[in-house]
Amino acid sequence: MAKIWNKGFDADKLVENFTVGKDREFDLRLAKYDIIGSMAHIKMLVKIGLLEAEEEKTLRDELQNILIEVENGNFRLDADAEDIHSQIEAMLTERLGEMGKKIHSGRSRNDQVLVDLKLFFKDEIRQIKADALQLFELLQSLSEQHKSVLLPGYTHGQIAMPSSFGLWFGAYAETLVDDMHTLVAAWRVANQNPLGSAAGYGSSFPLDREMTTRELDFETMNYNVVAAQMGRGKTERTLAFSIASFASTLNKLAADNCMYLSGNYGFISYPDNLTTGSSIMPHKKNPDVWELIRAHSNRLQSLPNEIALMTTNLPHGYHRDFQMLKETLFPALETLHTLFEMTHFMLSHISVNKNILNDEKYKYLFTVEKVNELVLQGVPFREAYQQIGYEVQSGTFEAEPTVNHTHAGSIGNLCTEEIRKKMENVTKTIN
């Protein structure tokens, strides 16, 4: 297969192998989007007179045939194909003759790959939204289901004040709302049409960019053709920040599970078949799934920095450096989907300990409750604090393991519906 940039010579094989790298395997994920972008492009070419309507129909029908091959898993890149764009153009030329070569008029591989990536990212963002909402629903359900079960809260790693499983599960649900805001930012950056920017300086053809924007269901376009090309790297970095934000939440949730599952805490448990054992210690039930979620999440949190470093100090315009973004971002997206799946799976089987506070060491959780009780009786706060502090020091402190929290967001008022509305308001942007 001749390179689409061929001018009578080929690159050295060693150079070719190095520059192509792993691009071909990642390009397979863009095949669907390259075909969709091409369909919109040739429809526009008919409007501006660069294609006949009959040619467009023939090309569209064959593109549809290739799309079916992609969806059925039968699509492959030829051994000598440089990338997905050249593969599809070569297939059209092989099947339709010279007509297949007309598909590239008015565009460059630069804006072609930008369109492919943005369409791909939009689908990935939709999937992340679905993953996060599924976990959000489970967390809210668990929060309500266990809202009356108290557990110790910690600050500085020390026993602090009463918490509850309602608060714990609900906290992670609301934190996902914050993460979703970052996903909306990534959606808005990705939801702009770069097609027509060509190699970054536009085209002398009278391209109808408004038409392709509508055809490809972008909200708007990258108007300035230079700015459109500058979106390469910027879009990936914005999405990476969102991935890292979700990963931060999953990481902390995993860390909590590892801690709460340990014998020194014993706050939660999982079925034996969801834990692993030791090669020499028969009693061990290790939280390997949560440990790996924690580790994978930590790796994902490095993603924005990795992408930033790959794209730093590049002047405007296209550079081959951008190709490596796929090698970093595509596997990260797969990992995030898997982490959501495993987190949801594990939490679907969680059991909570309803008798945690029967342990004597947790009686000091209620010192603040006693201080507040004295204040309500008219004792100045500082005096009440000193009185309870003396009781703790002298070993005479006693309290009932009950709480009377009623304000918004507290143990007795989880605001589950209010948090749900927050999520609904955020996610409606992504469609």
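This passage describes the nonpolar cores, a central helix-to-core relationship, selected buried residues, backbone features and salt bridges of a predicted model.

The largest nonpolar core of the model has 82 residues. Phe-165, Leu-239 and Leu-347 have the most contacts inside this core. Helix α6, spanning residues 109–145, gives the most to the core, with 14 residues. A second core is separate and has 22 residues. Leu-59, Leu-63, Ile-66 and Leu-207 are included in this second core. In soluble globular proteins, nonpolar side chains tend to be buried together.

Phe-165 was examined further through its contacts beyond four places in sequence. On one side of Phe-165 in sequence, the touched residues include Ser-143, His-146, Val-149 and Leu-151. Gly-170 is also touched by Phe-165. Further contacts of Phe-165 are made with Phe-267 and Ile-268, and with Val-352, Asn-353 and Ile-356.

Helix α6 has 37 residues. From its first C-alpha to its last, α6 reaches 53 Å. This span is close to the 54 Å expected at 1.5 Å a residue. Helix α6 is mostly covered, with 26 of its 37 residues buried. The N-terminal end of α6 is capped by Ser-108. A side-chain oxygen of Ser-108 lies 3.0 Å from the backbone nitrogen of Asn-110.

A charged residue also lies in a covered position. Glu-236 is placed in helix α9, residues 225–261. Glu-236 counts as buried because its relative accessibility is 3%, under the 20% limit. Beyond four places in sequence, Glu-236 touches Leu-117 and Phe-121. The remaining contacts of Glu-236 are with Gly-231, Ile-307, Leu-325 and Leu-329.

Gly-106 is found in the loop between α5 (84–96) and α6. Its relative accessible area is 8%, so Gly-106 is buried. Gly-106 touches His-41, Ser-203, Phe-205 and Leu-207, leaving aside residues up to four places away in sequence. Among these contacts of Gly-106 is Leu-207, which is included in the second core. Gly-106 and Gly-170 are 64 residues apart along the chain. Their C-alpha atoms are separated by 52 Å.

Two residues other than glycine were noted for positive phi values. Phi of His-156 is near 55°. His-156 lies in the loop between β1 (150–155) and β2 (158–164). With a relative accessible area of 78%, His-156 is exposed. Cys-415 has a positive phi of about 60°. The place of Cys-415 is in the loop between α14 (381–394) and α15 (416–427). Cys-415 is buried, because its relative accessible area is 17%.

Cys-258 is buried as well, with a relative accessible area of 11%. The structure holds 0 disulfides.

Salt bridges number 22 in the structure. Side chains of opposite charge can pair when their charged atoms come close. Asp-83 forms a salt bridge with Arg-109, and the closest N and O atoms are 2.5 Å apart. This pair links distant parts of the chain, 26 residues apart. Asp-83 is in the loop between α4 (53–71) and α5, whereas Arg-109 is in helix α6. The two partners fall into separate accessibility classes. Asp-83 counts as buried at 6% relative accessibility. Arg-109 is partly exposed, with a relative accessible area of 25%.

Lys-101 and Glu-98 also meet in a salt bridge, at 3.3 Å from N to O. Lys-101 is partly exposed, with a relative accessible area of 44%. Glu-98 counts as exposed at 56% relative accessibility. Another salt bridge joins Glu-360 and Lys-363, with the closest N and O atoms 3.2 Å apart. Glu-360 is exposed, with a relative accessible area of 53%. Finally, Lys-32, Asp-123 and Arg-126 are linked in a network of salt bridges.

Notes:
Residues numbered from 1 in each chain as written. Predicted model: local features only at pLDDT ≥ 70, side-chain atom pairs only at ≥ 80, totals over all residues. Heavy atoms only, no water. Core = buried A, V, L, I, M, F, W, Y, C linked by side-chain atoms within 4.5 Å. Buried < 20%, exposed > 50% of the residue type's maximum accessible area, 1.4 Å probe, protein only. Helix = DSSP H or I, 4+ residues; strand = E, 2+ residues; numbered from the N terminus. Contact = heavy atoms within 4.5 Å. Expected span 1.5 Å × (residues − 1). Polar contact = N/O pair within 3.5 Å; in protein donor to acceptor, adjacent residues only side chain to side chain. Disulfide = S-S within 2.5 Å. Salt bridge = Lys/Arg side-chain N within 4 Å of Asp/Glu carboxyl O.
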